[in-house]
Amino acid sequence: MGNLIKTNRSVPIVLALLAGFALLVTVLSEAYGSGGLSVSLTKTLGMTVCLCIIALSMDMVWGYSGILSLGHFAFFALGGYMIGMWLMYARTEDVIAASLAQGQLPATPAELNDAIAVQIFGVVGGDSFPWMWAFSHSLVAQLALVVLVPGILAFVFGWLAFRSRVTGVYLSILTQAMTLALSLYLFQNDTGLRGNNGLSGLQNIPGAEAIPQSQISIWFLWASIAALALAYVFAAWVMSGKFGNVIRGIRDDEARVRFLGYSVEGYKLFVFVVSAIMAGVAGALYYPQAGIINPDELAPIASIYLAVWVAIGGRGRLYGAVIGAAVVSLLSTWFTGGRAPDINLGFYTIQWVDWWTVLLGLGFVLVTLFAPKGLGGLVDLMTRKGEAK
Amino acid sequence: MSTLLEVSGVSVTFDGFRAINNLSFQIGAAELRAVIGPNGAGKTTFMDIVTGKTRPDEGRVLWGEKSVSLLGLNEAQIAREGVGRKFQRPTVFEDQTVADNLMVALKKDRGPLAVLLFRPTPEDHTRVEELASEIGLSDHLQTQAGILSHGQKQWLEIGMLLAQEPRLLLVDEPAAGMTGPERDHTTELLKEAAKTRAVVVVEHDMDFVRKLNCKVTVLHEGSVLAEGSLDHVTSNQEVIDVYLGR
Amino acid sequence: MTRLILAALAALSFLASPVASQDAPDAPLQTILQTHHDLVESASRRTVQTVLDDLIASGLPEVPAFLERWQARELYMRQSDGRFVYVQDEDADPLVLIDIDSGAEIGTAGSREVDQLRANRGVQTVIGAALVQFQLLSPDIATRATALEAIDRAPEPDQMPLIATMLEAETDPDLRADAESLLLRMTIAFGEDEAERVAAIESLAGRIDVQTRAALNPLLATRTGVASQLPEDANIAAVLEPGSDALPRLEAYDILVEEGLAPAFVSADDRRETLIANIEDGQIVGIQVHSLDNEEARIAAYAALVEAGLAPVSPTDEEVDAALAAHVFYEEYREASAAVTSAAEETVSAINTRVSILEMVDLSLDGISLASIYFLAAIGLAITFGVMGVINMAHGEFIMMGAYTGYVVQTIVPDYTVSIVIALPLAFAITFGAGVAMERTVIRWLYSRPLETLLATFGISIALQQITRQIFGAQARPFTAPDWLAGSLSFNDVVAISYIRIAIFVLGVLFFCLLWLILNKTRLGLEVRAVTQNPSMASSMGINPDKINMLTFGLGSGIAGIAGVAIGLFAQVTPELGANYIVQSFMTVVVGGVGNIFGTLAGATMIGFFQKGVEWLNPSNTLAAQTYMILFVILFIQFRPKGIVALKGRAAEM
C-alpha cells in the first residue's frame with residue numbers, strides 16, 4: 001500500500017475526497033442529517049458513483065490497454081440483471097406468500113412457486129420459471145453470478161477476439177455487435193428476463209419493507225462510494241508496477257511486447273475480464289437504486305457514451321475517468337432534468353432539455369480535436385507546475 | 001561448432017509472390033553473422049519466419065540442442081525459447097522510463113499473475129543498472145524513453161534484448177540513422193553480445209558490415225546467393241550483378 | 001345488371017303489342033304466376049322454390065329479367081284483379097303500369113291500388129340462386145364472372161350441372177379455367193362417385209394456389225376416437241399410442257372420461273377444491289387445515305374424505321393404465337372414403353413439397369432484397385471506412401438526411417415520381433456537402449487517430465439526430481413511394497416480391513457498377529488508391545491528398561444520402577433511422593473485408609441470407625434472427641479476421 005501511494009499519488013487524494021464526500025452526504029441526508037439532500041438526489045448521486053466505477057473499468061481497458069470496448073454496458077447491465085433477479089424473486093415471494101396466506105388452505109411449495117412465476121412472467125405470457133432463474137431464490141448465488149456472468153461472457157468473447165488478433169476499430173465494432181446482440185436477445189419475450197419490460201421494483205429490498213427509502217438510499221450511496229474507493233485502489237494497484245508497464249506497452253506497441261515473450265492475448269484477456277467484473281459489480285449496485293432495468297440499457301449508444309465520458313475526463317489516468325463520468329452524467333441529469341435555465345434569444349428559446357444532446361455532441365468533437373487529454377489533462381497541467389519535470 | 005538454429009527448405013508465398021524460396025540457413029551457438037541483400041531479397045520475411053510472425057508454406061525451422069521445431073509456436077513462445085528481435089525502427093515504450101523498459105524486459109516469469117504480484121528485488125535493480133551502463137544510458141535511468149535520441153533508443157532496444165538473455169539475437173539494421181561514434185558503440189555492443197550467443201545482423205550498410213568483421217550471408221529473391229567472408233562474397237560475380245543490376 | 005334490364009326492356013318494347021288482355025295466350029309468364037298466385041304474393045323462403053322451378057322449367061326468355069326485378073322488389077300486384085305488373089316510375093302518381101310479358105303500358109293506378117311485393121332477404125337469396133344459372137349463361141362476361149364467384153363463396157352440390165352447362169359454351173379462357181377449377185373442387189367435395197373424386201383430386205397435383213389447398217385440406221380433417229376395438233368401418237388415419245407425443249397419457253384418459261368410459265381423475269386442483277369445500281372449524285374430517293401445506297398431506301386428507309364418503313374416488317395410476325390399455329385410440333378421417341383420403345394425402349404431400357421448394361425460392365428473393373438493403377446502407381461506408389479507414393459513426397445520420405430530403409421534397413412537389421427524381425440527386429448534393437464539411441472541419445485532423453475519429457463522429461451523430469428531432473419532431477414523417485412502386489410482382493401464390501424491393505436491388509446493382517467503375521477505371525479512383533496506400537508518395541507525384549480525401553469522403557457520404565432516399569421509402573423516416581442501420585453497416589463492411597467493394601457485396605449477401613435463413617427456421621421472431629446474425633458475424637470474424645474478400649501479404653498490413 002505504501003508503495004502504491006508512492007507510485008500513484010492520486011490514490012490518497014481520491015480516497016480522502018471520497019471519504020469527505022461520504023461524510024458530506026451523511027450530514028446532509030434525510031435519514032441521518034439535516035435533510036438537505038432529497039432521496040431522489042441521493043439516488044442520483046449513488047448512481048453517478050456507480051457510473052464512475054464502470055468508467056474506471058472502461059479506462060482500464062481503453063486508457064491503459066488500448067482496447068476501445070463499445071460494449072461495456074453489456075457487463076454493467078448483466079450485473080444489474082443478476083441482482084435484479086434475486087430482488088424481484090424475493091420481493092414477489094414475500095408478496096405472494098402474504099396473499100396466499102389469506103387463502104383457505106395453506107399453500108404448498110409448488111403452488112407458491114407457480115404463483116410467483118405467474119406474477120413475474122404473466123406480463124410476457126409465461127407461467128413457469130425459465131432455467132436461468134434456477135438460483136434466483138438465493139442471494140448468495142445471484143451475488144456470485146454478478147461476478148461470474150459478466151466475467152465468463154468477457155472471457156469467452158475476449159478469448160475469441162484476442163486469439164484471432166482482432167484489434168483497433170475492428171474490436172470496437174465487434175464489442176458493439178456483442179452488446180447489440182445481447183440487447184436484441186433480451187428484448188425477446190421468451191428469453192426469460194421479461195423482454196422489454198425488464199425487471200422492475202428493484203428499489204424494494206426484500207425483508208426491508210419497514211425501512212424507509214431515505215435510509216436505504218443513503219446506505220446504497222455509502223456502498224457505492226466504498227465500492228468506488230475499492231475499485232480505485234484495485235485499479236491503481238493493477239496498473240502500477242510491472243503489470244501496468246506491460247499493459248501500457250501493449251497499448252503502445254503490441255508487437256514489441258509479444259517479441260519480449262509476453263503472451264499479449266493473456267494480458268488483454270486478464271484486463272478485459274477484470275474490467276467486465278468491475279462493470280458487473282457497478283451494475284449490481286446501480287440498478288437497485290435506479291429501480292428498473294430493461295434491455296434498452298444495453299443499447300450500443302450507452303457504451304459509446306461511456307467512452308465519451310472517459311475521453312472527456314481524460315483516459316489513461318484513473319482520476320480522469322472518474323471526473324469524466326461524474327461531470328458529464330451529473331451535467332446530463334441537470335440539463336435534461338429541466339433544471340437548467342432556458343436561454344431566450346428573442347427569436348428562439350433554447351430549451352436545454354432538447355439542446356443538451358447537441359451541446360454534448362459538439363462539445364465532444366471539440367474535446368477530441370483540441371483537448372485529447374481531456375479534463376484530466378488540466379489536472380496534469382496544474383500538478384506539473386509544482387514538479388521539476 | 002554446435003548448431004543453434006537450422007532453417008531448411010523454407011518457402012513462403014504472398015498472393016502469388018514468392019518472398020522466400022527454398023531458403024536454408026544455419027548459425028552456431030556463439031556466432032556473429034551479417035545478412036545482406038538488396039530490397040525485396042526476403043531479409044525481413046526471413047526474420048518474420050524465425051520469430052513466428054509469418055508461417056512458411058513449407059520447410060523446417062529447428063532450434064537448440066533438442067532440435068525443437070519453432071513452427072508450432074507463437075511469437076511470445078519463441079521469444080521465451082530465447083530468440084530476441086530488434087526491429088528496424090527503434091521500438092521502445094516511449095511512455096515509460098528507461099528503467100521501466102529494462103525491467104519489463106528482464107528475464108522473469110512472463111505469466112500475468114506472476115507479473116501482477118511481481119515486486120523487483122535489489123538484484124533486479126542492480127541488473128537494470130548494469131544493463132544501463134552497458135548501453136551507455138546510466139544517466140538516463142529515470143528518463144522517459146520517448147525523449148531519448150534516435151541512437152539512444154536503438155541502444156535501449158538492444159539493452160532490452162540483452163535483458164531478455166536470448167540465445168539468438170536478430171537485429172534489423174541497427175546502425176540506420178546513427179552518427180559515426182554511435183555506430184562504433186553499436187558495433188562493440190553487438191560483438192560483445194556475440195561472444196556468448198548467436199547474433200544475426202541484417203544490414204544494408206557495407207561499411208558497418210565490414211566493421212562487424214564476421215561471416216556474411218547474401219540473400220537474393222528469397223534464397224541464399226552466397227555465404228562467406230565479406231571479401232569472399234563481394235568478389236562473387238553473381239553478387240556484384242545483383243547489387244549493381246544487370 | 002342494369003344493362004341487362006335495359007336490353008330486356010328494349011326487346012320487350014319492340015315486341016310489344018298495343019293491348020294485351022289478362023288471359024291472352026301470349027302472356028305465358030303471367031299465366032304461370034297466376035297458378036301460384038298466393039305463393040308469389042306472400043313469398044317465403046321455404047315455399048317460393050315451387051314457383052321458381054316452374055318458371056325455369058318454362059324456358060321463357062323473359063324469366064331472367066323478371067326474376068331480377070322481383071328480387072329487386074320492383075314487382076307490383078294490382079289489387080283489383082290480382083294481376084302482377086311492373087310500374088314505370090315508382091315515384092309517379094298515378095303509377096303507370098307495365099305488363100310483365102309484353103312490357104307494354106296497360107293503364108294507370110293510384111299508389112293505393114297496387115301492392116309492392118317486397119321480397120324478404122330469404123326470398124331474395126333463393127331467387128338469386130335461381131338467377132345464377134341465367135347469369136352463368138349471360139352474354140356479359142362480368143356477369144358470368146360474378147355468378148361464378150358467388151358460387152365459389154357458397155358452393156352447393158346442385159350447382160354442378162349449371163357450371164357444366166356454362167363450360168359447354170364458355171369461350172373466355174380465364175373464366176373457363178376458373179370454372180373448371182371450381183367444378184373440380186366441387187366434384188371433390190360433393191361428387192357421388194368415388195373414382196370421379198379420386199380422379200379430380202389427382203388432377204390437382206402440383207397446383208399450389210390457396211383455393212386448391214383449401215379444397216383438399218377438409219378431406220384430411222380428422223377427429224380423435226376411442227373404442228374398445230378398432231372399428232372396421234371407419235376410415236382410420238392413424239392409431240394413437242397413449243403416452244406418446246401425439247396423445248399424452250392424461251389427455252388420453254380425459255377422452256375416456258369424456259366418453260363416459262372411465263371415472264374422472266381427480267387433479268391437484270380438484271382435490272384442493274374438494275378439500276376447501278369440506279373445511280369445518282379449521283378442520284377437514286379431523287385434520288388440521290394448517291398442516292395441509294404440502295401435496296402429501298393433502299393426498300392423505302383427501303383419502304380420508306373418500307373414506308368418509310365425502311369425495312369421489314380418484315382412480316389410481318394402475319387403474320388409469322388399465323383403462324388406457326383396455327381401449328384403442330385412433331384418428332379417424334371425417335371423410336368416409338379411404339380411396340379419397342389416400343389420394344388426397346398423396347396430392348397434398350406432393351403439393352407441400354412443391355410449396356416448400358417455392359418457399360425456398362421466395363426466401364432467396366427475400367434474402368437478396370435484405371442483402372440489397374444492407375449493401376445500400378453499407379456501400380457509403382465501404383468507401384469512407386473501407387478505402388479511407390475513417391470510422392464515421394455519423395454515416396447513419398447521412399442516410400437519415402437522405403430520407404428527410406425525400407420527405408421535404410415530397411411536401412413541396414406533390415407528384416411522387418417527380419419528387420423522387422428530384423430527391424435522389426438533391427440528397428446526394430446535400431450529404432456530399434455535409435460530408436465534405438465534416439471532413440474539412442473534423443476528420444482531417446484525426447487521420448492518425450482512428451479511435452478518436454470514431455468518438456468525434458459519434459458526437460456529430462448524436463448532435464445531428466437531436467437537431468433533426470428539433471426540426472421535424474420525433475414522430476415518423478410520411479415519405480411515400482409512387483404508385484408504380486407500390487404492390488408486388490407475384491409469380492404465383494407463394495413467390496412474390498414487392499416492386500420497391502426490386503427497385504432497391506436495381507439501385508444496389510447500379511451503385512456497385514458505378515463505384516467499381518469510379519474506383520477502378522477513373523483517374524479519381526487511381527488517385528484515391530494512391531493516397532490511401534501511401535499519402536506522402538502520392539503527394540510527391542503531384543496528387544493533392546487533401547483534395548482527394550475530401551472528395552472521397554464526400555462521395556461516400558453522398559452515396560449514403562441516396563441510399564437514405566431508397567431506405568426512407570420503406571422504413572419509417574425518423575431521426576433514429578440511420579442509427580438503426582449503423583452497427584449492421586459496419587458489420588457488413590468488416591465481414592466482407594475492408595478495402596474493396598466486392599467485399600461489401602459479399603458481406604451484405606452473406607448477412608442478408610443468413611438472417612433470412614434464421615427467420616425461416618423461426619418465422620415469428622425477427623429479433624432472434626438478428627441476434628443470431630450478429631453472433632454469427634462475431635464468430636465469423638474469429639475465423640476470417642480480415643473478412644471474406646481479404647487482402648493478403650504486405651498490402652494487408654498497411
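In this predicted model, the place to begin is the meeting of chain C with chain A, where 43 residues of chain C are in contact with 43 residues of chain A. On the chain C side, four helices each supply at least two residues, namely H13 (268-277), H19 (450-472), H24 (579-592) and H26 (622-639). Of these, it is H19(C) that gives the most to the side touching chain A, with 14 residues. If you sort that side of chain C by class, you find 30 nonpolar residues, nine polar ones and four charged ones.

Let me stay with one of those helices, H26(C), for a moment. Its 18 residues should span 26 Å at 1.5 Å a residue, and its end C-alpha atoms are indeed 26 Å apart, so the expected and computed spans agree. Which residues of H26(C) are buried? They are Ala625(C), Thr627(C), Tyr628(C), Met629(C), Ile630(C), Val633(C), Ile634(C) and Ile637(C). What covers them comes from two chains, and includes H7 of chain A as well as H24 and helix H25 (597-617) of chain C.

That brings us to H7(A) itself, which runs over residues 168-187 and, with 20 residues, reaches 29 Å from its first C-alpha to its last, close to the 28 Å expected at 1.5 Å a residue. This helix is mostly covered, since 17 of its 20 residues are buried.

Elsewhere in chain A, helix H5 (residues 109-121) has 13 residues and reaches 18 Å between its first and last C-alpha atoms, close to the expected 18 Å. Its buried residues are Glu111(A), Ile116(A), Ile120(A) and Phe121(A), and what covers them includes helix H4 (72-100) of chain A.

I would now like to put two helix pairs side by side. Two packed helices are described by the angle between their axes and the distance between the axes.

The first pair is in chain A, where the axes of helix H3 (residues 39-64) and helix H12 (residues 300-313) come within 10 Å and cross at roughly 80 degrees. Because of that angle, H3(A) is roughly perpendicular to H12(A). From H3(A), the residues that take part are Ile54(A), Ala55(A), Met58(A), Asp59(A), Trp62(A) and Gly63(A), and they meet Leu306(A), Ala307(A), Trp309(A), Val310(A) and Gly313(A) of H12(A). That contact divides into eight nonpolar residues, two polar and one charged.

The second pair is in chain C, where helix H6 (residues 121-136) and helix H8 (residues 160-169) pack at an angle of about 15 degrees, with their axes 9 Å apart. The angle is under 35 degrees, and H6(C) is therefore roughly parallel to H8(C). The crossing of H6(C) past H8(C) is right-handed. Here Val132(C), Gln133(C) and Leu136(C) of H6(C) meet Leu162(C), Ile163(C) and Met166(C) of H8(C), and by class this contact has five nonpolar residues, one polar and no charged.

Turning to chain B, 21 of its residues are in contact with 21 residues of chain A. The elements of chain B that give two or more residues to this side are helix H2 (75-81), helix H3 (98-105) and helix H4 (112-116). The chain B side divides into 10 nonpolar, four polar and seven charged residues.

Within chain B, I would point you to Leu70(B), which lies in the loop between strand E5 (68-69) and H2. Is Leu70(B) buried or exposed? With 20 other C-beta atoms within 10 Å, Leu70(B) is buried. Leaving aside residues up to four places away in sequence, Leu70(B) touches Val50(B), Gly52(B), Val61(B), Trp63(B) and Ile78(B). For Val50(B), which is 20 residues apart from Leu70(B) along the chain, the C-alpha atoms of the two are separated by 7.4 Å.

I will finish with two backbone details in chain B. Most residues other than glycine have a negative phi. Glu173(B), however, has a positive phi, near 45 degrees, and its place is in the loop between strand E7 (168-172) and helix H7 (180-193) of chain B. Glu221(B) likewise has a positive phi near 45 degrees, and is found in the loop between strand E9 (215-220) and strand E10 (223-228) of chain B. As for their surroundings, Glu173(B) is buried, with 20 other C-beta atoms within 10 Å, whereas Glu221(B) is partly exposed, with 15.

Conventions. Residues are numbered from 1 along each chain as its sequence is written. Chains are lettered from A and ligands numbered from 1 in the order in which they are written. This is a predicted model: local features need pLDDT of at least 70, side-chain atom pairs count only at pLDDT 80 or more; totals for chains, interfaces and linings use all residues. Two residues are in contact if their C-beta atoms, placed from the backbone, lie within 7 Å. Ala, Val, Leu, Ile, Met, Phe, Trp, Tyr, Cys and Pro count as nonpolar, Asp, Glu, Lys and Arg as charged, and the others, Gly among them, as polar. Axes are lines fitted to C-alpha atoms, for helices over the stretch in contact, and angles run from 0 to 180 degrees between N-to-C directions. Angles under 35 degrees count as roughly parallel, over 145 as roughly antiparallel, 65 to 115 as roughly perpendicular and the rest as oblique. A crossing is left-handed if the near helix is turned anticlockwise from the far one by less than a right angle, and right-handed if clockwise. The expected span of a helix is 1.5 Å times one less than its number of residues. A residue is buried if 20 or more other C-beta atoms lie within 10 Å of its own, exposed if 12 or fewer, and partly exposed in between; C-beta atoms are placed from the backbone.
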